[in-house]
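Please prepare a short report on this protein, beginning with one loop residue and its surroundings and then widening to the core and the overall fold.

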Amino acid sequence: MAYVITDDCVACGTCLPECPVEAISEGNPYVIDPDTCTDCGSCAEVCPAEAIHPGN
């Protein structure tokens with residue numbers, strides 16, 4: 001399952017450089033491409049808003 005970004009996202013950009021496969025796109029909230037995400041969790045570890053979670 002790919003990680004997802006919730007509406008708690010504050011669009012700070014902290015997660016962008018952490019994604020090794022560049023699956024995150026800017027927006028409000030940011031978006032993770034489920035086809036590209038490798039479920040590594042790097043983005044969730046650095047999110048100050050705790051807005052990134054494993055998808056269902």
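In this predicted model, Ala 49 is partly exposed, because its relative accessible area of 27% falls between the 20% limit for buried residues and the 50% limit for exposed ones. Ala 49 belongs to the loop that connects helix 1 (42-46) with strand 4 (52-54). When neighbours within four places in sequence are left aside, Ala 49 is in contact with Asp 8 and Val 10; the C-alpha atoms of Ala 49 and Val 10 are separated by 6.9 Å, although these two residues stand 39 residues apart along the chain.

Turning to the interior, the largest nonpolar core comprises 15 residues, and those with the most contacts inside it are Ile 5, Ile 24, Ile 32, Cys 43 and Ile 52. Not counting residues up to four places away in sequence, Ile 52 touches a set of residues that includes Tyr 3, Ile 5, Cys 15, Ile 32 and Cys 43. In soluble globular proteins, nonpolar side chains tend to be buried together.

The elements run β-β-β-α-β from the N terminus on, which comes to 1 helix and 4 strands. With 56 residues, a compact globule would have a radius of gyration near 10 Å, and the 9 Å of this protein agrees with that expectation. Some further values for the whole protein are collected below.

| Property | Value |
|---|---|
| Box filled by the C-alpha atoms, along the principal axes | roughly 25 × 25 × 20 Å |
| Buried residues, of the 56 residues | 32% |
| Contacts with a separation of 6 or more that join residues 24 or more positions apart | 56% |
| Exposed area | about 3500 Å² |
| Share of the exposed area supplied by carbon and sulfur atoms | 46% |

Definitions and conventions
Residues numbered from 1 in each chain as written. Predicted model: local features only at pLDDT ≥ 70, side-chain atom pairs only at ≥ 80, totals over all residues. Heavy atoms only, no water. Core = buried A, V, L, I, M, F, W, Y, C linked by side-chain atoms within 4.5 Å. Buried < 20%, exposed > 50% of the residue type's maximum accessible area, 1.4 Å probe, protein only. Contact = heavy atoms within 4.5 Å. Helix = DSSP H or I, 4+ residues; strand = E, 2+ residues; numbered from the N terminus. Rg over C-alpha atoms; globule rule 2.2 N^0.38 Å. Areas by Shrake-Rupley, 256 points an atom, 1.4 Å probe, with all protein chains shown as cover.
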